[in-house]
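This explanation follows the pairing of charged side chains through a structure. The reader is invited to keep the sequence and the coordinates in view.

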Amino acid sequence: MSRPRPEPVQVIKQRRDAALAALVELVPYIGFLGITFERRGDELTSTMHFHDNLIGNPMLPAIYGGATAAFLEVTSVITLQWFHLWPQFESGDLDVETMAAGQMPRLPKTIDFTVDYLRSGLPRDSYARATVNRSGRRYASVHVAAWQDHKDKLFAQATGHFLMPQERPSEG
């Protein structure tokens with residue numbers, strides 16, 4: 001008895017990248033803010049690319065706090081959904097083509113989100129990574145940290161609690 005031949009690495013990478021792109025396209029605000037996501041295995045790093053519309057205080061200049069909070073929350077939600085979908089599309093239970101066609105599971109809903117502004121966000125690209133601290137069927141807790149020039153010098157961090165979408169009962 002022979003085992004099935006494993007998929008080529010490029011095919012796996014393309015499937016994962018297509019799944020991430022479909023997930024990101026669910027939230028139009030991500031494109032408006034100029035946020036992109038980079039995938040390394042199952043870990044995501046988001047980048048909020050700097051543009052002048054992000055400046056809240058032109059005297060400093062500093063990134064608007066609302067843009068920073070939105071960046072952190074979007075990173076949290078996408079990372080949390082990626083965390084939940086990863087096993088499903090790795091096993092083949094969730095088809096990437098149906099995801100790209102709009103048949104996407106619902107996103108988690110924010111219960112509360114607390115942002116700590118540690119220093120001014122400078123007029124340059126910002127990066128963030130979220131960590132899922134707890135994830136259950138109904139509730140999840142996520143911590144996210146943002147930096148600009150050096151990962152150890154955070155300019156903002158946040159903790160969020162999210163209501164996980166419930167599976168829709170199958171119609172029979």
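In this predicted model, a salt bridge joins the side chains of Asp149 and Arg124, with an N to O distance of 2.7 Å. The two partners belong to distant parts of the chain, 25 residues apart. Asp149 sits in the loop between β7 (139-147) and β8 (154-163), while Arg124 sits in the loop between β5 (109-117) and β6 (126-135). Asp149 is exposed, at a relative accessible area of 62%; Arg124, at 32%, is partly exposed.

Side chains of opposite charge can pair when their charged atoms come close. The structure contains four salt bridges, including the one just described between Asp149 and Arg124.

Another salt bridge brings together the side chains of Arg39 and Asp17, with 2.9 Å from N to O. Arg39 is part of strand β1 (residues 35-40) and Asp17 of helix α1 (residues 9-24), so this contact ties together parts that lie 22 residues apart in sequence. Is Arg39 buried or exposed? Its relative accessibility is 12%, and because buried means under 20%, Arg39 counts as buried. Its partner Asp17 has a relative accessible area of 39% and is partly exposed.

A further salt bridge is formed by Arg40 and Glu38, whose closest N and O atoms are 2.6 Å apart. Arg40 has a relative accessible area of 57%, and because exposed means over 50%, this residue is classed as exposed. Glu38, at 39% relative accessibility, counts as partly exposed.

How values were computed:
Residues numbered from 1 in each chain as written. Predicted model: local features only at pLDDT ≥ 70, side-chain atom pairs only at ≥ 80, totals over all residues. Heavy atoms only, no water. Helix = DSSP H or I, 4+ residues; strand = E, 2+ residues; numbered from the N terminus. Buried < 20%, exposed > 50% of the residue type's maximum accessible area, 1.4 Å probe, protein only.
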